[in-house]
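Please open the model in your viewer with the cartoon drawn and side chains ready to be switched on. The stops below say what to select next and what is to be found there.

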Amino acid sequence: MKACLPVPPELKSILLYKDHRAALVDYANGIVRNRARAEDVVQDAWERLQAVERGQPLTEPLRYFYRIVRNLALDGQRAWKREILRSGGEIGDLAEMVADDNPTAEAGMAAREELHIVLSSLEELPERSRLALHLHTIEGLKLREVAERLGLSVSFTHQLIAEAKLHCIKRLSGRP
C-alpha cells in the first residue's frame with residue numbers, strides 16, 4: 001500500500017470544486033431555477049468555502065459546501081422575491097416563478113445513478129476499508145473509535161478511510 005502525501009487545503013478545495021461543480025450547480029438550479037444564477041451561487045459558495053478552510057480544516061467539506069450553496073441560493077431567492085414585490089409584481093406572478101422544493105425527475109435519476117456508483121465502488125473495496133469507512137461515515141464513530149474496533153492504529157485507520165473515500169470520489173467523477 002502506497003503512502004498518501006498530505007494535500008494542501010487550497011488544492012483540496014480546488015479538487016472538491018472541480019469534482020462536484022456540476023452536481024452543485026444542478027442542486028442550486030433546483031432552488032433558484034436559473035442556471036446562470038445557480039453557477040454564480042456555486043462560485044460564491046466556493047469562495048466562502050476557501051475562506052473558511054484557510055482558518056480551519058473542515059471535517060466534511062463537501063457537506064459544508066452543499067450547505068453554503070443551499071443557504072446562498074435560498075437567500076438569493078428571498079432577495080429576488082422582495083425585489084419582484086417591490087417593483088410592483090403580483091403575488092400570483094411570483095408564485096409561478098418560485099422554485100419547487102421537490103427534486104426534478106432528472107435530479108432524482110442522477111441521484112439514484114450516483115448512489116449506484118457509490119455502492120458498486122464500495123463493493124470494490126477490501127472488507128477492512130469498507131468497514132472503516134462505514135463505521136466512520138455512516139455510524140459516525142471517531143477515528144480513534146474505529147481504530148480501536150478494528151485493532152489498527154489511528155493513522156492507518158485514517159489512511160484506510162481517506163483512500164476509500166478517494167476511491168468512491170474517483171468512481172463518481174468517472175476516473176479509474
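Begin by selecting two helices, H6 and H8, in this predicted model, and show the side chains where they touch: Arg128, Ser129, Ala132, Leu133, His136 and Thr137 on the H6 side meet Phe156, Leu160, Ile161, Ala164, Lys165 and Cys168 on the H8 side. Coloured by class, the residues of this contact of H6 with H8 comprise seven nonpolar, three polar and two charged. If you now draw the helix axes, those of H6 (residues 127-138) and H8 come within 9 Å and cross at roughly 95 degrees. An angle from 65 to 115 degrees counts as roughly perpendicular, and H6 and H8 are therefore roughly perpendicular to each other.

Stay on H6 and centre the view on Ser129, which belongs to this helix. Is Ser129 buried or exposed? Ser129 is buried, its relative accessible area being 9%, and, once neighbours within four places in sequence are left aside, Ser129 is in contact with Leu160 and Ala164. Both of these partners appear among the H8 residues that meet H6.

Next, keep H8 displayed and add H7. The axes of helix H7 (residues 143-150) and helix H8 (residues 154-172) come within 9 Å and cross at roughly 100 degrees, which makes H7 roughly perpendicular to H8. Here the side chains to show are Leu143, Arg144, Val146 and Ala147 in H7, which meet Val154, Thr157, His158 and Ile161 in H8. The residues of this contact divide into five nonpolar, two polar and one charged. Ile161 is worth labelling, as this residue of H8 is listed in the contact with H7 and also in the contact with H6.

Now select H5, residues 105-124, a helix of 20 residues that reaches 29 Å from its first C-alpha to its last, close to the 28 Å expected at 1.5 Å a residue. Its buried residues are Gly108, Ile117, Ser120, Ser121 and Leu122. Which helices do the buried residues of H5 pack against? They pack against H6 and H8, the pair with which this tour began.

Move from there to H2, residues 35-55, where 21 residues reach 31 Å from the first C-alpha to the last, close to the 30 Å expected at 1.5 Å a residue. At its N-terminal end, zoom in on Asn34, which caps the helix through a side-chain oxygen lying 3.1 Å from the backbone nitrogen of Ala36. Then show Ala38, Val41, Val42, Ala45, Trp46, Leu49, Gln50 and Glu53, the residues of H2 that are buried. While viewing them, recall that an α-helix has 3.6 residues a turn, so residues three or four places apart point the same way.

From H2, step across to Pro61, which is found in helix H3 (residues 61-86). Pro61 touches Leu16, Leu49 and Glu53 when residues up to four places away in sequence are not counted, and of these Leu49 and Glu53 are buried residues of H2. Pro61 itself is partly exposed, with a relative accessible area of 23%. A distance drawn from its C-alpha atom to that of Ser13, 48 residues apart along the chain, gives 8.2 Å.

Finally, zoom out to the whole protein chain, which holds eight helices and zero strands. Of its 176 residues, 27% count as buried. Among contacts between residues at least 6 apart in sequence, 57% join residues at least 24 apart.

Methods. Residues numbered from 1 in each chain as written. Predicted model: local features only at pLDDT ≥ 70, side-chain atom pairs only at ≥ 80, totals over all residues. Heavy atoms only, no water. Axes fitted to C-alpha atoms, helices over the stretch in contact; angles between N-to-C directions. Helix = DSSP H or I, 4+ residues; strand = E, 2+ residues; numbered from the N terminus. Parallel < 35°, antiparallel > 145°, perpendicular 65-115°, else oblique. Contact = heavy atoms within 4.5 Å. Nonpolar A, V, L, I, M, F, W, Y, C, P; charged D, E, K, R; others polar. Expected span 1.5 Å × (residues − 1). Buried < 20%, exposed > 50% of the residue type's maximum accessible area, 1.4 Å probe, protein only. Polar contact = N/O pair within 3.5 Å; in protein donor to acceptor, adjacent residues only side chain to side chain.
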